[in-house]
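Biologist: Please take a close look at one helix pair in this model and the residues around it. I would also like to know how the copies are arranged.

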Protein chains: 2
Amino acid sequence: MKKKIGLSAYEQNNQIASENRQFLYKKGIFAINIIGSPGCGKTSILEYTAGKFDKSFGVIIGDVKTALDSDRLIKAGNNFSYAIETGGGCHISPLMLKDKLNEVNTDIDYLFIENVGNLVCPSSFDLGENFKVAVLSVPEGDEKVRKYPSLFLKAEAVIINKVDLLDFMDYDIDQVEKDCLTHNPKVKIFRTSIKTGEGFPEWFEFLSEKREHF
Amino acid sequence: MKKKIGLSAYEQNNQIASENRQFLYKKGIFAINIIGSPGCGKTSILEYTAGKFDKSFGVIIGDVKTALDSDRLIKAGNNFSYAIETGGGCHISPLMLKDKLNEVNTDIDYLFIENVGNLVCPSSFDLGENFKVAVLSVPEGDEKVRKYPSLFLKAEAVIINKVDLLDFMDYDIDQVEKDCLTHNPKVKIFRTSIKTGEGFPEWFEFLSEKREHF
C-alpha cells in the first residue's frame with residue numbers, strides 16, 4: 001500500500017477496509033468476521049461448517065503464530081483455507097486481509113474470516129466484512145459480555161458455543177442472552193454445540209438470509 | 001504523570017514500570033502479573049488462594065469494564081481487592097498500575113495483579129512485577145502455547161488450570177508442557193484444579209521460595 005499522506009492510522013485502516021468491502025462485493029462474496037477468545041471454538045465451528053453448510057465458502061484464519069488452524073480446516077475437507085500469521089499482532093488488520101485477498105480463490109459465496117483469539121482488540125477494526133459475529137463458550141464463564149462490551153456493541157450475531165457443557169457448569173445462559181440484548185437489541189443469538197449439532201441449522205439459515213439482502 | 005519529553009511510549013512505559021518496581025520493593029511487596037485468556041480461571045484461582053494461601057496479600061484486577069472480579073474476591077474474604085477498569089484497553093498499563101498503587105493498602109507481602117483476559121497484548125508490558133505467570137485452561141484446547149508464543153517466552157511460571165476436566169476433553173497436557181519448555185526451558189509448570197485443590201500446594205510453595213530470593 002502506498003502511504004496516504006495526511007491520513008491518520010484510523011482513517012487509513014477504514015479506507016483499506018472500504019477497499020476490501022468493494023472487492024468482496026464485486027466478487028459476490030459475503031464476508032463474516034468471527035471474533036472470540038482463544039479456545040472458544042471458532043475453528044471447530046468452521047470444521048463443522050465444512051461438512052454441513054451447503055454453500056461454497058472459504059476461510060481465512062488469523063493467528064499470532066502457526067497455520068495450525070488453517071491446516072485443521074484443510075483436513076476437514078475445506079481446500080480453500082488460508083492462514084494469516086500476524087507475527088505478534090493481536091488482531092487481523094484491514095491491510096493483512098487485503099494482501100491475503102490477492103492470493104485467494106474468489107469463486108465462492110461466503111468468506112469466513114477467523115480473527116486472532118482475543119475478545120478485545122479485533123472488535124476495534126472494520127476489515128470490510130459484512131458483519132461481525134462474536135463467539136462465546138460455556139466454559140469461559142457467563143460474565144464475558146459485561147466485561148468485554150465493545151465486541152457486543154458491534155456484533156450482529158452471537159454464538160454461544162459448547163452448550164453441551166451446560167449440565168456440568170454453572171453458566172446462566174439466559175442472563176448471557178439478556179446481556180447481549182442490552183448491548184444490541186437486534187442481535188441474533190445462536191446456542192450451538194458441535195457435539196450435538198444444536199443451533200447450526202438456525203445459524204446456516206441466518207447466513208443464507210443475510211446473503212439474500214447482500 | 002508529567003510527560004517525559006524525548007522518550008518514546010515504549011521507554012516511558014518501561015520507566016514507569018521501573019518506578020513501580022522500586023515502590024513495591026521498598027514496601028516489601030512481591031508482585032505477580034497474572035495473564036491468561038478470558039475464562040481461564042484467573043479470578044477463581046485468586047478466590048481459592050484467598051482461603052488457602054497462608055500469607056498476606058492483595059489483589060489488583062484489570063478488566064475492560066466492570067469491577068465484577070474484584071467484587072468476587074471481596075466476597076471470597078479478601079478485603080484488599082482493587083479494580084482497574086481499562087475503559088476499552090486490552091491490557092493493564094504501567095501507568096494504570098502506578099495510579100492504583102497510590103490508593104492501595106501496602107501492608108502486605110504479595111500483590112497479585114490480574115491482567116485483562118487476553119493472551120496477546122498484556123505480555124508486551126512490564127508493569128514492574130517480579131514475574132509473570134501464564135494461566136492456561138484445559139477447555140481452551142492444547143495448542144495455545146504454539147499459537148500465542150510471546151507470553152510463554154516471558155512467563156516464569158505456567159498454570160494449567162481446570163485439570164479436573166482432562167477426562168472429558170481431548171487435551172494432551174504432556175505436549176503442552178513440552179511446548180512451554182521449548183519456549184522457556186526454566187519455566188515452572190503447575191497443574192491445578194480449584195475443584196480438587198490439585199497443584200496449589202506446589203504453587204504456594206513456589207511463591208514462598210520466590211519471595212525468599214526477593
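Modeller: The answer starts with the helix pair and then moves outward.

This is a predicted model, in which local features need pLDDT of at least 70, side-chain atom pairs count only at pLDDT 80 or more, and totals for chains, interfaces and linings use all residues. Residues are numbered from 1 along each chain as its sequence is written, chains are lettered from A and ligands numbered from 1 in the order in which they are written, and side-chain values use heavy atoms, with hydrogens and water left out.

In chain B, helix α2 (residues 42-52) packs against helix α3 (residues 68-75) at an angle of about 20 degrees, and their axes are 9 Å apart. Helices here are DSSP runs of H or I with at least four residues, strands are runs of E with at least two, and both are numbered from the N terminus. The axes are lines fitted to C-alpha atoms, for helices over the stretch in contact, and angles run from 0 to 180 degrees between N-to-C directions. The angle makes α2(B) roughly parallel to α3(B); angles under 35 degrees count as roughly parallel, over 145 as roughly antiparallel, 65 to 115 as roughly perpendicular and the rest as oblique. The crossing of α2(B) past α3(B) is right-handed, meaning that the near helix is turned clockwise from the far one by less than a right angle.

On the α2(B) side the contact is made by Thr43(B), Ser44(B), Leu46(B) and Glu47(B), and on the α3(B) side by Asp69(B), Arg72(B) and Leu73(B). Contact means heavy atoms within 4.5 Å. By class, the residues of this contact are 2 nonpolar, 2 polar and 3 charged. Ala, Val, Leu, Ile, Met, Phe, Trp, Tyr, Cys and Pro count as nonpolar, Asp, Glu, Lys and Arg as charged, and the others, Gly among them, as polar.

Thr43(B), which lies in helix α2 of chain B, is buried at 4% relative accessibility. Buried means under 20% relative accessible area, exposed over 50%, and partly exposed in between, with a 1.4 Å probe and protein chains only. Neighbours within four places in sequence aside, Thr43(B) is in contact with Asp69(B), Arg72(B) and Leu73(B), and also with Ile61(B) and Glu114(B).

Elsewhere in chain B, Asp164(B) sits in the loop between β6 (157-161) and α7 (173-183). Asp164(B) is partly exposed, at 24% relative accessible area. Residues up to four places away in sequence aside, Asp164(B) touches Ser193(B), Lys195(B) and Thr196(B).

In chain A, Thr66(A) is in the loop between β2 (57-63) and α3 (68-75). Thr66(A) has a positive phi, near 80 degrees, in a residue other than glycine, and is buried at 18% relative accessible area. Lys162(A), also not a glycine, has a positive phi of about 65 degrees; the residue is in the loop between β6 (157-161) and α7 (173-183) of chain A and is buried at 17%.

As for the copies, a rotation of 180 degrees with 0.0 Å of shift along its axis superposes chain A on chain B, with an RMSD of 0.0 Å. The two copies are thus related as by a two-fold rotation axis. Superposition is by least squares on the C-alpha atoms of residues with pLDDT of at least 70 in both. Of the residues of chain A, Asn118(A) comes closest to the axis, at 3.0 Å for its C-alpha. The copies meet through the same surface, because 100% of the interface residues of chain A are also interface residues in chain B.
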